[in-house]
Amino acid sequence: MPYANRPSVSITEINGENCKFQLEDTDLSVANSIRRVMIAETPTMAIDWVQLEANSTVLSDEFIAHRLGLIPLTSDESVESMQYTRDCTCVDFCNECSVEFTLDVECKSEQTKHVTTNDLISSDAKVQPVTSRGREDDVNDYGDSDDILIVKLRKGQHLKLRAYAKKGFAKEHAKWNPTAGVCFEYDPDNALRHTLYPKPDEWPKSEYTELEDDEVQAPYDFQSKPNRFFFNVESCGSLKPENIVMMGVSILKRKLSDLQTNLSQELQNDALQIN
């Protein structure tokens, strides 16, 4: 792994949903480790405990609890200072490890009532459904919004609940996944032939291609190794894409540091036993 100690990064595009960057002079295993950590080990906030006090809807309690858990919550300003509930010293829930949500909606008219994320009331303004962020800008010309539908109510039906959002990561459950997708490309012109196209001339070219218009794919280079990776990180809204990248790299660095420390201790113990 000749380039592992001096990689370079160049950002090509960044906005509220996507972050595109190039990672150069490192190994394929390192690039894939960064991708996996961003998906599975970057912490966010998500609803994990629900108590239903009234539910006369057509959906069961478990169904509604599951739908609530999958609602992405804004986590940029709070997740790093929040404790995991397993590490907190409180008995049940507290402000240090959780955020309380309440919902109380009843349909009293003949028209179907939609219960959405707009009806969820958070005890912390920093943690709320992503659809509630910048609400004034989300309404389109038809008066619709991007609020996520939880359940529909008919006349006489009532839904009342209390829920708690906790800190977690996607290795525990997919609802804590901060990404809608993380991908990287390392051979845009297929010079390594890791992909075999039945009809190469019909396959669309990559946005990172260096081929001319009349070329289909680069000549086969059997001696080449991947050392430039084109990343595209797409956020689901709970974290900004740049924060996902920074937190993912920080977590991977900490894990490698812990591994190095444990290995050093093991080697020291082995040396003492031999002596």
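Val9 is exposed in this predicted model, with a relative accessible area of 55%. This residue belongs to strand E1, which covers residues 8-14. Together with Ile11 and Ile14, Val9 makes up a nonpolar patch on the surface. The accessible area of the three side by side comes to about 290 Å².

Lys20, a residue of strand E2, gives a rather different picture from what its charge might suggest to the eye: with a relative accessibility of 14%, Lys20 counts as buried, because the cut-off for that class is under 20%. Beyond its neighbours within four places in sequence, Lys20 is in contact with Ile11, Thr12 and Glu13, with Glu207 and Tyr208, and with Phe231 and Asn232. Two names on that list come back elsewhere in this passage: Ile11 is a member of the nonpolar patch, and Phe231 takes part in the aromatic pairs described next.

Aromatic contacts are a good place to linger. The structure holds 11 aromatic pairs. One of them joins Phe21 and Phe231, whose rings are stacked, with 4.9 Å centre to centre and 5 degrees between the planes. Phe21 lies in strand E2 (residues 18-24) and Phe231 in strand E10 (residues 228-235), so this pair ties together parts that are 210 residues apart in sequence. Both partners are buried: Phe21 has a relative accessible area of 7%, and Phe231 has a relative accessibility of 0%.

Phe231 also pairs with Phe184. Here the ring centres are 5.1 Å apart and the planes stand at 35 degrees, so the pair is tilted. Phe184 lies in strand E9 (residues 179-185), and its pairing with Phe231 in strand E10 therefore ties together parts that are 47 residues apart in sequence. These residues are also members of a wider group, as Phe21, Phe184, Tyr186, Phe229 and Phe231 form one aromatic cluster.

Aromatic rings meet lysine side chains as well. Lys167 lies over the face of Tyr84, at 4.7 Å from the ring centre. In a second case, the charged end of Lys175 sits over the ring of Trp176, 5.0 Å from the centre of that ring.

Terms used: Residues are numbered from 1 along each chain as its sequence is written. This is a predicted model: local features need pLDDT of at least 70, side-chain atom pairs count only at pLDDT 80 or more; totals for chains, interfaces and linings use all residues. Side-chain values use heavy atoms; hydrogens and water are left out. Rings of Phe, Tyr and Trp (its six-membered ring) pair if their centres lie within 6.5 Å; planes under 30 degrees apart count as stacked, over 60 as edge-to-face and the rest as tilted. Helices (H or I, at least four residues) and strands (E, at least two) are DSSP runs, numbered from the N terminus. Buried means under 20% relative accessible area, exposed over 50%, partly exposed in between (1.4 Å probe, protein chains only). A charge sits over a ring if NZ of Lys or CZ of Arg is within 6 Å of the ring centre and within 35 degrees of the ring normal. Patches are made of residues with over 30% relative accessible area and no salt bridge: like charges are joined within 9 Å, nonpolar side chains (Val, Leu, Ile, Met, Phe, Trp, Tyr) within 5 Å. Accessible areas come from the Shrake-Rupley method with a 1.4 Å probe; for residues, only the protein chains shown count as cover. A salt bridge is a side-chain nitrogen of Lys or Arg within 4 Å of a carboxyl oxygen of Asp or Glu. Contact means heavy atoms within 4.5 Å.
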